[in-house]
Amino acid sequence: MRILFLCGVLFAASLCPGDTIRLKNGRTIVADSVAENGNSVQYAVGDDTYTISKNLVDRIDTGGVPGVTHHDEPVPEVVMPSESVRGEDEVFGKIIRNGRVDIDALYAVEKIGSPELAAAAYFTAGKYEAEHGSRNKAREYLEQAHRYMPDSPIILNLYVSVLLQMRKAGDALPFAEEAARMSPANADAQSMLGYAYFLTDHTPKAIDAWKKSLAIRPDATIQGLLAKAQREDSAETDFSLQETGHFTFHYEGGKTPEHLRQQIITVMEAHYDELVRDLNVEPRQISVSLYSDHAYFDVTQAPAWSSALNDGKIRIPISGLTDVTPELSRVLKHELSHSFINQLTRGRCPQWLNEGVAQLMEGRSVARFGGHTLAMLYASHQQIPLNALDGSWMRFNERQAQVAYAEGLAASEYIRDTYGISDVQRILQRIGDGASTEAALRSTVHAGYGDLEEEVNQYLKGRFGN
């Protein structure tokens with residue numbers, strides 16, 4: 001109810017006047033001005049003027065608010081395996097003390113000289129750290145556990161789970177395959193193998209592994225992932241594949257003009273280089289699927305207002321396009337930014353920050369996205385609290401999503417303008433290292449959620465008044 005009320009306040013005042021070009025493929029272009037000229041439409045964004053074919057345009061809305069052109073859901077959360085190793089109960093009370101792993105106690109168990117007990121101790125430490133978000137520590141402990149007991153699929157399953165949560169699917173895959181070979185009737189081994197295959201772009205193999213997992217043990221999460229993988233596999237049966245330096249592209253050969261594909265590849269490689277410079281991380285081979293509009297919505301089940309998605313794979317509908325427009329270029333950079341952010345934060349980024357930083361990277365500014373109205377909203381302390389925007393925005397309709405995007409952008413832009421892009425990168429890095437969002441903020445910009453809300457309020461007030 002609170003979100004609906006806030007939307008009414010925000011949109012009654014109008015987020016940002018301007019003209020909106022509604023394209024036939026469902027996308028929107030928000031411009032300062034639009035003019036029709038024979039068979040083309042010219043529009044201005046800032047000091048730049050662009051031209052597109054009138055055949056691509058459905059209608060032009062004068063005035064109003066900018067449409068949301070992205071819909072991004074978190075990468076599927078990996079369900080941690082539930083099995084335990086022999087000796088775990090015996091060592092737990094010895095090495096987990098006062099809410100942390102006691103390193104001295106862990107070494108003491110190791111010195112006993114029992115490989116099985118040492119493996120149980122390191123497994124217990126890894127499991128505890130994984131459950132508490134410290135994935136780097138969890139990985140180190142589980143590597144030690146695997147060294148002491150290399151033939152344990154249970155240890156391998158948890159190790160694979162941690163690597164997948166760290167967005168290291170390529171590293172996880174050989175271990176997942178090894179665990180499944182060791183124990184083909186183990187549901188966890190098959191489900192972890194399915195995750196690893198899906199996130200490394202081996203969808204048919206993921207489907208097979210998840211089917212085996214479900215035959216052993218029913219699981220609603222795995223069932224949902226299987227359905228999604230099957231939709232993707234069905235839609236992409238006749239797709240062609242092309243690999244570049246950093247991407248694997250999937251596209252309908254007969255429906256995707258070659259020059260458009262080459263333009264997209266060139267643009268995305270340029271965006272990749274820019275994001276490496278700004279975020280100081282280099283994701284490995286990124287999967288990109290170019291769909292017809294029908295296939296896009298069938299595979300993603302995304303809301304009608306969506307025009308692109310990154311759910312671990314970048315998915316873009318391109319029906320009706322013959323060239324990479326400035327709008328499509330921004331969409332591509334936005335979606336690619338999520339791959340960088342997810343890699344940097346190991347998939348732990350709160351949604352408001354994920355979307356806020358992605359908008360910064362694509363070049364969006366709060367000055368053109370409701371700054372004056374947001375200033376009014378913050379001044380009256382009626383904004384949606386940022387910590388209420390941590391999770392998925394799947395539940396939002398288009399107007400609610402616009403509010404969420406605007407607030408995420410405002411907070412992220414404030415941090416960048418005040419502290420620099422390097423501190424934005426450090427916040428993401430510390431979240432990836434296991435810190436909570438609150439702790440990551442306090443250790444960089446010295447503000448928790450409450451302080452940040454007030455600082456954003458003053459930032460907007462200084463720029464746009466009340």
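**Exercise 1. A helix checked by its length**

What span should the 20 residues of helix α13 (residues 326–345) have at 1.5 Å a residue, and how far apart are its end C-alpha atoms?

*Solution.* Begin with the terms: helices (H or I, at least four residues) and strands (E, at least two) are DSSP runs, numbered from the N terminus. The expected span of a helix is 1.5 Å times one less than its number of residues. For α13 this should be 28 Å, and the end C-alpha atoms are 28 Å apart, so the two values agree. Next, consider the surroundings: 18 of the 20 residues of α13 are buried, where buried means under 20% relative accessible area, exposed over 50%, and partly exposed in between (1.4 Å probe, protein chains only). Just after α13, Arg 346 takes a positive phi of about 55 degrees.

**Exercise 2. Confidence in the model**

State which element of the protein chain has the lowest mean pLDDT and which has the highest.

*Solution.* The structure is a predicted model, in which local features need pLDDT of at least 70 and side-chain atom pairs count only at pLDDT 80 or more, while totals for chains, interfaces and linings use all residues. Residues are numbered from 1 along each chain as its sequence is written, and side-chain values use heavy atoms, with hydrogens and water left out. pLDDT is the predictor's confidence in each residue, from 0 to 100. The mean over the protein chain is 83, and 86% of its residues reach 70 or more. Among the elements, helix α1 (residues 2–12) has the lowest mean, 33, and helix α9 (residues 203–216) the highest, 95. Over residues 1–18, pLDDT stays under 50; over residues 63–71 it also stays under 50. Where pLDDT is low, the predicted coordinates should not be read in detail.

**Exercise 3. A strand between two partners**

Determine whether the faces of strand β11 (residues 286–291) are covered, and name strands joined to β11.

*Solution.* First, six of the six residues of β11 are buried. On one side stand Ile 286, Val 288 and Leu 290, and on the other Ser 287, Ser 289 and Tyr 291, so that both faces are covered. Secondly, two strands pair if DSSP finds at least two bridges between them. Strand β10 (residues 247–251) runs parallel to β11 and is joined to it by five bridges; Phe 247 stands opposite Ile 286. Strand β13 (residues 314–317) is likewise parallel to β11, with four bridges, and there Ser 289 stands opposite Arg 315.

**Exercise 4. Two nonpolar cores**

Identify the residues that touch the most other members of the largest nonpolar core, and describe another core.

*Solution.* A nonpolar core is a set of buried Ala, Val, Leu, Ile, Met, Phe, Trp, Tyr and Cys residues joined through side-chain atoms within 4.5 Å. The largest has 69 residues, of which Met 268, Ile 316, Leu 336, Trp 352, Leu 428 and Leu 460 touch the most other members. Its largest share, 10 residues, comes from helix α16 (residues 398–419). Apart from this core lies another of 50 residues, among them Leu 158 and Ile 207.

Leu 158 is found in helix α6 (residues 153–165). Leu 158 counts as buried because its relative accessible area is 3%. Its contacts (heavy atoms within 4.5 Å) include Pro 81 and Phe 123. Leu 158 and Pro 81 are 77 residues apart in sequence, yet 6.0 Å apart in space, C-alpha to C-alpha.

Terms used: Lists of a residue's contacts leave out its neighbours within four places in sequence.
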